[in-house]
Amino acid sequence: MTTPTPPPPPPDGYGAMPPAPDLQPGRPPNENSYGAGGPPPPEKPHNPWPIVIGLGAIAVVLVLGVIITAALVLLRGEEDPTAKPGPLTVTATPSTSATAPAPGGLAADLFEGDWRFKLGDVSMNATYVAAQDYPDCGPIASAALEKKGCRYAAMGIHDAEGGKLRMLRVIYVFDSEAEATAAAESVKETDFDLPTGSLIADDVIGKWVAKDSSKAVVVGFVTAQKGVPETTVDDYLHYGTADIAGALIFMDL
């Protein structure tokens with residue numbers, strides 16, 4: 001029996017392919033590459049906790065930042081341009097007004113300027129002559145009136161009836177309403193020390209009246225020359241004095 005002759009070896013270029021050359025020697029294989037001739041590496045399990053912990057830490061930092069910012073805005077709201085102003089506490093302080101004249105301020109408030117009076121059918125006018133304040137009662141009152149509690153005074157002079165009638169009104173201010181009332185009820189003509197020229201010259205009639213109002217006594221004097229009816233004198237005396245007394249009711253003397 002003849003032994004068969006083995007077939008010749010295949011020529012070069014046929015049979016098993018040699019491993020592909022490594023184009024980047026020394027580079028470790030990446031996740032998309034396999035080692036030469038070996039199975040693919042086992043897939044590593046995915047752990048989500050680092051991502052969750054990282055996101056949680058970022059959230060905590062953001063929350064702390066908001067809290068700190070809010071605290072700074074509350075503590076320093078005046079530096080925050082968007083902060084609204086808070087409620088203001090206003091403390092009232094006393095002030096001087098036209099209804100609360102200081103001693104020596106009544107002349108300007110009540111006497112300066114022409115006197116124009118109208119009440120119902122009654123209409124009266126008088127021309128301004130002079131007015132003056134007195135820081136104390138001495139220059140225009142007797143010592144007896146000062147002893148009754150007079151503190152300061154003011155006076156005003158007005159003329160009417162073509163210059164034939166002169167109306168003088170004097171305000172004497174006391175410490176209390178009780179003192180003013182007592183003074184008005186007991187006052188005498190000798191309690192007044194009237195300035196020179198406050199009564200009209202060559203008068204043929206003269207009348208006066210005292211009326212208390214608040215903490216003051218208003219004394220009216222009307223003198224007139226010949227030709228002025230007595231009823232006119234009475235009207236100026238009554239309405240002129242009552243006008244000033246009524247104004248003093250609304251003043252804090």
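Visitor: Let's start with the aromatics: are tryptophan 115 and tyrosine 236 buried or exposed?
Guide: Keep in mind that this is a predicted model. The cut-off for buried is under 20% relative accessible area, and tryptophan 115 comes in at 6%. Tyrosine 236 falls in the same class as tryptophan 115, so the word for both is buried.

Visitor: How do the rings of tryptophan 115 and phenylalanine 117 pair?
Guide: The whole structure has seven aromatic pairs. In the pair of tryptophan 115 and phenylalanine 117, the ring centres are 5.5 Å apart and the planes meet at 15°. Planes under 30 degrees apart count as stacked, so this pair is stacked.

Visitor: And which label goes to the rings of tryptophan 115 and tyrosine 236?
Guide: Here the centres lie 6.2 Å apart, with the planes at 50°. Stacked needs under 30 degrees and edge-to-face needs over 60, so this pair is tilted.

Visitor: How many residues apart in sequence are the parts that tryptophan 115 and tyrosine 236 tie together?
Guide: Tryptophan 115 belongs to strand β1 (residues 115–119). Tyrosine 236 belongs to helix α5 (residues 230–248). The pair therefore ties together parts whose separation in sequence is 121 residues.

Visitor: Which residue puts its charged end over the ring of tryptophan 115?
Guide: Tryptophan 115 is in one aromatic cluster with Phe117, Tyr236 and Tyr239. A charged end also sits over its ring, 5.2 Å from the centre. That charged end belongs to arginine 169.

Visitor: Moving on to sulfur, which cysteines form a disulfide?
Guide: Searching the whole structure turns up one disulfide. Its sulfur atoms are 1.9 Å apart, and both of its cysteines are buried. The partners are cysteine 137 and cysteine 150.

Visitor: Where in the chain are cysteine 137 and cysteine 150, and how many residues apart?
Guide: Cysteine 137 is in the loop between β2 (122–134) and α3 (143–147). Cysteine 150 is in strand β3 (residues 150–160). The disulfide links distant parts of the chain, and the two cysteines are 13 residues apart.

Visitor: What is the angle about the S-S bond of cysteine 137 and cysteine 150?
Guide: The link between cysteine 137 and cysteine 150 is left-handed. The angle about its S-S bond is -75°.

Visitor: Now helix α4: within what arc do its buried residues fall?
Guide: The buried residues of α4 (residues 177–186) are Ala180, Ala183 and Ala184. In general, an α-helix has 3.6 residues a turn, so residues three or four places apart point the same way. Looking down the axis of α4, the buried residues line one face of the helix because they fall within an arc of 100°.

Visitor: What do the buried residues of α4 pack against?
Guide: The face turned away from the buried side carries the exposed residues Ala178 and Glu185. As for the buried residues of α4, their packing partners are α3, β4 (165–174), β5 (205–213) and β6 (216–224).

Visitor: Which residue makes a side-chain polar contact with aspartate 159?
Guide: Aspartate 159 is in strand β3, and at a relative accessible area of 15% it is buried. Leaving out residues up to four places away in sequence, it touches Ala126, Thr127, Val129, Leu165 and Arg166. The side-chain polar contact, at 2.8 Å, is with arginine 166.

Visitor: Zooming out, what share of the residues of the protein count as buried?
Guide: The protein has five helices and six strands, running α-α-β-β-α-β-β-α-β-β-α from the N terminus. Out of its 253 residues, the share that counts as buried is 27%.

Technical notes
Residues numbered from 1 in each chain as written. Predicted model: local features only at pLDDT ≥ 70, side-chain atom pairs only at ≥ 80, totals over all residues. Heavy atoms only, no water. Disulfide = S-S within 2.5 Å. Helix = DSSP H or I, 4+ residues; strand = E, 2+ residues; numbered from the N terminus. Buried < 20%, exposed > 50% of the residue type's maximum accessible area, 1.4 Å probe, protein only. Phe/Tyr/Trp six-rings, centres within 6.5 Å; stacked < 30°, edge-to-face > 60°. Lys NZ or Arg CZ within 6 Å of the ring centre and 35° of its normal. Arc of directions from axis to C-beta. Contact = heavy atoms within 4.5 Å. Polar contact = N/O pair within 3.5 Å; in protein donor to acceptor, adjacent residues only side chain to side chain.
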